[in-house]
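Here's a short set of exercises to work through with the model open in your viewer. Try each task before reading its solution.

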Amino acid sequence: MPVSDHLEGQKRVYAVWARIYDKIYQRLLAGPQREAVEAACACGPDILEIGVGTGLTLAYFTPESRVLGADLSLDMLKVANRKVASQKLTHVRGLMVMDACRLGFAAERFDAVTAQFVITLVPDAELALAEMDRVLKPGGEIVISSRLVDDGGPFAAVWTALAPLARAVGWSSDFKVSRLTGWAARTGRYETVHIGSGYFKVVRLRKLASARLSAAEA
């Protein structure tokens with residue numbers, strides 16, 4: 001399936017999910033989402049949240065934060081915008097429709113980049129990670145929370161078998177932790193500082209303070 005078709009399919013799925021997402025996921029995801037937000041806030045005030053969706057996480061950021069949110073789904077962002085207005089979330093400086101693989105921000109713009117329950121669904125996770133790397137300041141962190149499978153775990157084969165069904169409803173079941181840590185190691189610019197446990201995991205990748213993008217990458 002071409003990438004453009006994949007993205008259009010995701011938009012259709014999330015147009016439906018936007019109506020019911022909060023009712024299903026607000027309590028279920030609160031733990032890892034709060035953990036991810038806390039880690040991001042510890043890095044500094046300028047934070048980008050990729051896949052902000054309906055804005056479930058936005059109230060968790062500190063008042064001192066300056067948060068920008070991006071998501072592929074306009075329908076979900078409409079819900080998030082209503083939250084920002086009704087809850088007076090003044091630390092949220094903007095919400096915009098944007099592809100995680102084509103971020104419209106300058107290089108080294110943010111102290112932290114979070115991607116919550118989205119990295120497993122983008123057409124090219126490594127390209128999305130490269131974009132996060134581009135916009136992240138040295139010393140900052142990419143903070144990812146998602147349903148991630150332990151390599152070699154007892155149910156790894158089961159989750160792989162269920163992957164097509166999961167994708168059909170806008171989810172993922174077989175994305176392995178090593179895909180993130182392996183990318184970090186290959187760049188030579190990141191260290192893995194945390195891998196959570198449990199069904200939903202938080203993974204933190206810290207960009208080395210000495211890491212600088214080349215002119216071509218910027």
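**Exercise 1. Find the residue in β3 that stands opposite glycine 69.**

Step 1: look across from glycine 69, and you land on leucine 95 in β3. Step 2: put that pair in context: strand β2 (residues 66-71) and β3 run parallel and are joined by 5 bridges. Strands pair here if DSSP finds at least two bridges between them. Step 3: add the helix, since α3 (residues 74-86) lies across β2 and β3, at about 165° to β3. Angles run from 0 to 180 degrees between N-to-C directions, with axes fitted to C-alpha atoms, for helices over the stretch in contact.

A word on ground rules: this is a predicted model, where local features need pLDDT of at least 70 and side-chain atom pairs count only at pLDDT 80 or more, while totals for chains, interfaces and linings use all residues. Residues are numbered from 1 along each chain as its sequence is written, and side-chain values use heavy atoms, leaving out hydrogens and water.

**Exercise 2. Work out the strand order of the sheet, and say why β3 and β6 each have one side without a neighbour.**

Step 1: the 7 strands line up as β3-β2-β1-β4-β5-β7-β6, an open sheet with mixed pairing. Step 2: β3 (92-97) and β6 (190-195) stand at the edges with a single partner strand each, so one side of each has no neighbour in the sheet. Step 3: going from one strand to the next, the twist averages 15°. Step 4: place helix α4 (residues 125-135), which lies across β1, β4, β5, β6 and β7 and runs at about 145° to β5.

**Exercise 3. Is serine 145 buried or exposed, and what does its side chain contact?**

Step 1: locate serine 145 in strand β5 (residues 136-147). Step 2: check its cover: with a relative accessible area of 0%, serine 145 is buried (buried is under 20%, exposed over 50%, using a 1.4 Å probe and protein chains only). Step 3: its side chain makes a polar contact with the side chain of glutamine 116 at 2.6 Å. That term needs N or O atoms within 3.5 Å, one able to donate a hydrogen and the other to accept it. Step 4: leaving out residues up to four places away in sequence, serine 145 touches residues including Pro32, Ala36, Phe117 and Val202, with contact meaning heavy atoms within 4.5 Å.

**Exercise 4. How much of the protein chain is buried?**

Of its 218 residues, 51% count as buried.

Notes: Helix = DSSP H or I, 4+ residues; strand = E, 2+ residues; numbered from the N terminus.
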